[in-house]
Amino acid sequence: MTEPTSPLQIADFRRFWCARFIAVAATLSMVVLLGYQTYDIARADYGYSRQEGAFLLGLLGLAQFIPLLLLTPVAGWVADKFDRRHVAAIANLTDCLIAGVLAAMTWLEALNLPILFTLAAMHGGARVFLGPSMSAIAPNIVPAKLLPKAIAFSSISWQGATVIGPAIGGFAFAEAQWLPHATSTVLLVMSAALIMSIRPVKARQSAVPVHPVRQMVDGAKFTFKHRFLLGCITLDLFAVILAGATALLPVFARDILQVGPEGLGIMRGAPALGAAAVALILSFRPLENNVGVKMLWAVVVFGIATIVFGISRDLWLSLTALVVLGAADMISVFVRSSLVQLNTPDEMRGRVSSISGLAISASNELGEMQSGIAAGILGATGAVVFGGVGAILVTALWAWIFPELRLAKRFTSEYLDDDPPKEKPV
């Protein structure tokens, strides 16, 4: 049989691609509108000021992050211990339940802030299990040499859904506020079914029984022991924590640019449009040389675009800045994901992916909290500009602290300084 030259020639990868596209479109539509509904209800029903509402969006991000922080070690162990399809499907069905509750409560006009914060926390719990399991599936269903292309194609799925999901959700919300949540409920069931149609993908297990707590600790030790992996993971963490402009999009949509939920959906999808375009290019022409330096420069461009968005008062300039922001972020994500996956043994992928996922989620949710707090002090514009400057400074600092990142030339598994720690029975 001829070996595949593209991940799309592999049936399981096609199912994986479709499942991810559907799930991301559904959940992002749900989450973006959850943020908008939180801000709108805070302003309209509770009488909060613009800055108080922005601060509340930061707390909403914190509500999603706390379950991620608490459950990340368990989620990584679960992804390495059990069939990763089952873990991902159950997480999707949990989000399905959340979307169903949102649809019903919106239709009944019974939403309030406690309900919204509870559902946000439940979504954070679902995400912490979905991330490691989905990230670890792709390396099990495609050959290693096709993994960079698979990551690029997977990013197209993610980013394309990020464009379509919030945009369609925003327009559907304008027609009937319960409609996008009801649609997300159906789509998440479809995604779970597609995931279960993939062949079983359970990680290789150690021949010697190892206590679950020891396995969790070994995953963390493996990540923190190797400076290269640590530098890759923490660069995104601190850069995006500072430059979390997307958290304040409801403020810009409702009160600054005054474009409403339809405009919010378009703005939320703009970064993904830039990212999807770059991912499409990378799926056919992956980066090959000086990948570390390109990753660092991409984060600098990300920071500059964030600053431009913060000071813009024109919708088209704001959308352009968001597209550039997404394109730069895609380059960074592509390089970092490829390097981390290729430098992690399969039996550790769930646990390392959970730590990487925690960093990404921390950068998003804590970034939202930071943006909300900063907006409460500096205003929305000041908070976004402050974050963009911070992302640029973090990149310069990381290039100095972790020279391994600058010296990474190609996508190979040669950057670890020694063998991974051996698992021992307890």
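Select Gly58 to begin: in this predicted model, its relative accessibility is 0%, so Gly58 counts as buried, the cut-off being under 20%. Gly58 belongs to helix α2, which covers residues 50–81. Keep Gly58 selected and add Ile373, which is 315 residues away in sequence, although the two C-alpha atoms are 6.5 Å apart in space.

Turn next to the aromatic rings, of which the structure holds six pairs. Select Tyr36 and Phe173, whose rings form an edge-to-face pair with centres 6.1 Å apart and planes at 80° to each other. Because Tyr36 sits in helix α1 (residues 11–44) and Phe173 in helix α5 (residues 147–175), this pair ties together parts that are 137 residues apart in sequence. Both Tyr36 and Phe173 are buried.

Another pair to display is Phe252 with Phe309, a tilted arrangement in which the centres are 4.8 Å apart and the planes make an angle of 45°. Phe252 lies in helix α9 and Phe309 in helix α11 (residues 291–311), so that the pair links distant parts of the chain, 57 residues apart. Phe252 is buried at a relative accessible area of 0%, and Phe309 is likewise buried at 0%.

From Phe252, extend the selection to helix α9 (residues 249–256) and helix α10 (residues 260–284), whose axes come within 9 Å and cross at roughly 140°, which makes α9 oblique to α10. The crossing of these two helices is right-handed. To see the contact itself, show Leu249, Pro250, Phe252 and Ala253 of α9 together with Gly260, Leu264, Met267 and Arg268 of α10; by class, the residues of this contact comprise six nonpolar, one polar and one charged.

Key
Residues numbered from 1 in each chain as written. Predicted model: local features only at pLDDT ≥ 70, side-chain atom pairs only at ≥ 80, totals over all residues. Heavy atoms only, no water. Axes fitted to C-alpha atoms, helices over the stretch in contact; angles between N-to-C directions. Helix = DSSP H or I, 4+ residues; strand = E, 2+ residues; numbered from the N terminus. Parallel < 35°, antiparallel > 145°, perpendicular 65-115°, else oblique. Left-handed = near helix turned anticlockwise from the far one by under 90°. Contact = heavy atoms within 4.5 Å. Nonpolar A, V, L, I, M, F, W, Y, C, P; charged D, E, K, R; others polar. Buried < 20%, exposed > 50% of the residue type's maximum accessible area, 1.4 Å probe, protein only. Phe/Tyr/Trp six-rings, centres within 6.5 Å; stacked < 30°, edge-to-face > 60°.
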